[in-house]
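Dear colleague,

I am passing on the structure we spoke about, and below it you will find a short account of what came out of the analysis. Please read the account alongside the coordinates.

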Amino acid sequence: MVVTLRSSNVEKLGEQEFDVLIVGGGINGAVAAASLAGRGVRVALIDKGDFACGVSSSSSNLAWGGIKYMESLEFLLVNKLCQSRNKLMRAYPSTVKEIRFFTTIQKGFRFWPFFIFLGSVLYWVMGRFVTRPPRYVSARAIEAAEPVINTSQAAGGLEYSDCYLYDNDARFVFNFIRKSLNYGCIAANYVESIDARREDGRWITSARDVISGEQFEIRSKALVNACGPYVDAQNEVAAEQTEYHHLFSKGVHLIVDQITDNQRVLTFFASDGRLFFLIPMGPKTCIGTTDTQVSDPAVTVTDEDRDFVLENVNGLLDLDPPLTRASIIAERVGVRPLAIKGQGGVADWVQLSRKHVIEVDEDTQHLSIFGGKLTDCLNVGDEVAQWIARLGIPVPQADNTWYGEPGAELRDEFMLQAKLMDLDALTDPSSSEPLSERFWRRYGESAFGLLERIREDESCAELLIENAEYTRCEIELAARREMIVKLEDFMRRRSKIEQVVRREELVAAPGLREACDILFEGQAEERLAEYLGLEK
Ligand SMILES: Cc1cc2nc3c(=O)[nH]c(=O)nc-3n(C[C@H](O)[C@H](O)[C@H](O)COP(=O)(O)OP(=O)(O)OC[C@H]3O[C@@H](n4cnc5c(N)ncnc54)[C@H](O)[C@@H]3O)c2cc1C
């Protein structure tokens, strides 16, 4: 059998005893792993699917201060989220990017545009002025700046700043998983927790390797439940009682061809009164979202969801021809896990807060992470580490900074080397940015290896699939370092190829087969057939 990072980690999961086992590799589990491993705690992480295969790959890709919670007067939450956003901007300057939100307010809306503009000024103040200031925009100025917006019913608008994740949410999450691996975390995807019991002051978690079907046990002092919408289900198998539980709100995004070539978010209020965004996603536009109460976290996109998004966008924009279901390139769907005390429902669903809660059972050394946002992830990582220390588990490097891009000196050195070899001249004309920028953002210090590979063989800088913004050497790197088990892991989560290239184009792309050869070697045929749904 070929030994891979995953197979070696799966073996270690059953052999070693850990201080902490984290169940769930979405954003909450990933930051918990990076924070603990970075502080010297012996930590393991498992996910029943791929890393970030749950909600953390269905978000709006925004790192934002939660401007909409100002309407429900949750100023403390907004203040906290603004601080979290600022911390992310500082730590990840090339990934968490400021972007302008160009907002149109319709006549008859519940607030006047100028009142909302004043709110955005307060929001900017709460954000400690780190972004560009907001500005009021008249209906005429909206028309001039973005002719695609239907201004026939516009009362006016505003422009303010927040941030978005340049690559995508799942890639952002994986970079925390990768960081945790660098610090010695034993992480494996496609390993499911099927049972957990406390025995002689230790947790024994029964796990199943979803790929081989093999079962084994993982021993740890503490257990962190980071199963997102499945936190309650995992607590049930571990016989953990909690005060908090989850309610679910389903959210759908549709991806279509680029609506405007201005790099900004077009913002509206949809027919249900909620914020509605058109967000740049590489060379495409991501539109959403919906907010529907559901009881089952396993959700799919329905025609009703599609029609809601399409009808809103066609009403708010002047598109000729209007968007139809045939315009959809890809879809994203997930549930927001919303933390609520007790078991009951709530009166005002949409207003339900998006705060995270970490509930701790000190007797059994068990943590459950409820709710939360990508934006608040660094705080979740820090809080988990503080709790683990309070539970008496040694945290040897408690003050280590476990997150962030490598420092400016290393970046300057990388950019210098890239410039001296004229790397950016090899950028494919279809790419949205120079190779040097992209390599640094995605791979940090590992990007030096890519330079070396291109020095050896220039064809490694070629795009493998048109419009996919992935070069041959990046796929080689992914094969070694990114624990890609299925082709979908790469196409949907490590990259966003599947979200920005139409399925027909992907299937016909000659580079797809080569990508499979690089990623899976002898199993390429099988993995490709699995991806294309052609298995026998
Ligand atoms: C439509 C939408 C838009 C959003 N937009 C934003 C936004 O713009 N900005 C923002 O900050 N936040 C946003 N959010 C919120 C944010 O995406 C979520 O709060 C966050 O991703 C939740 O992460 P998580 O780690 O708790 O859950 P998940 O990402 O779902 O991770 C849980 C993981 O646990 C695994 N798991 C479950 N059961 C088991 C088991 N038995 N064994 C092993 N593994 C298991 C799952 O496979 C999954 O990978 C949005 C959410 C939605 C739905």
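To begin with the contacts, 73% of those in the chain between residues at least 6 apart in sequence join residues at least 24 apart. Please keep in mind throughout that this is a predicted model.

As for the overall form, the C-alpha trace of the chain spans about 70 × 60 × 50 Å along its principal axes, and the secondary structure comes to 18 helices and 18 strands. The radius of gyration of the chain is 23 Å, which agrees with a compact globule, because a globule with 536 residues would have a value near 24 Å.

Turning to the surface, 59% of the 536 residues of the chain count as buried, while the accessible surface comes to about 22,200 Å², with 50% of that area belonging to carbon and sulfur atoms. With regard to charge, the chain carries 60 positive and 80 negative side chains, and the centres of these two sets lie 4 Å apart.

One residue was examined individually, namely S206, which is found in strand β9, a strand made up of residues 202-209. Is S206 buried or exposed? Its relative accessibility is 13%, and S206 therefore counts as buried, since the cut-off for that class is under 20%. Leaving aside residues up to four places away in sequence, S206 touches E192, S193, I194, D195 and R197, and also F216 and E217.

With best regards

Technical notes
Residues are numbered from 1 along each chain as its sequence is written. Side-chain values use heavy atoms; hydrogens and water are left out. Helices (H or I, at least four residues) and strands (E, at least two) are DSSP runs, numbered from the N terminus. The radius of gyration is taken over C-alpha atoms; the globule rule is 2.2 Å times the number of residues to the power 0.38. Buried means under 20% relative accessible area, exposed over 50%, partly exposed in between (1.4 Å probe, protein chains only). Contact means heavy atoms within 4.5 Å. Accessible areas come from the Shrake-Rupley method with a 1.4 Å probe; for residues, only the protein chains shown count as cover. Lys and Arg count as positive and Asp and Glu as negative; His and the chain ends are not counted. The place of a charge is taken as NZ of Lys, CZ of Arg, CG of Asp or CD of Glu.
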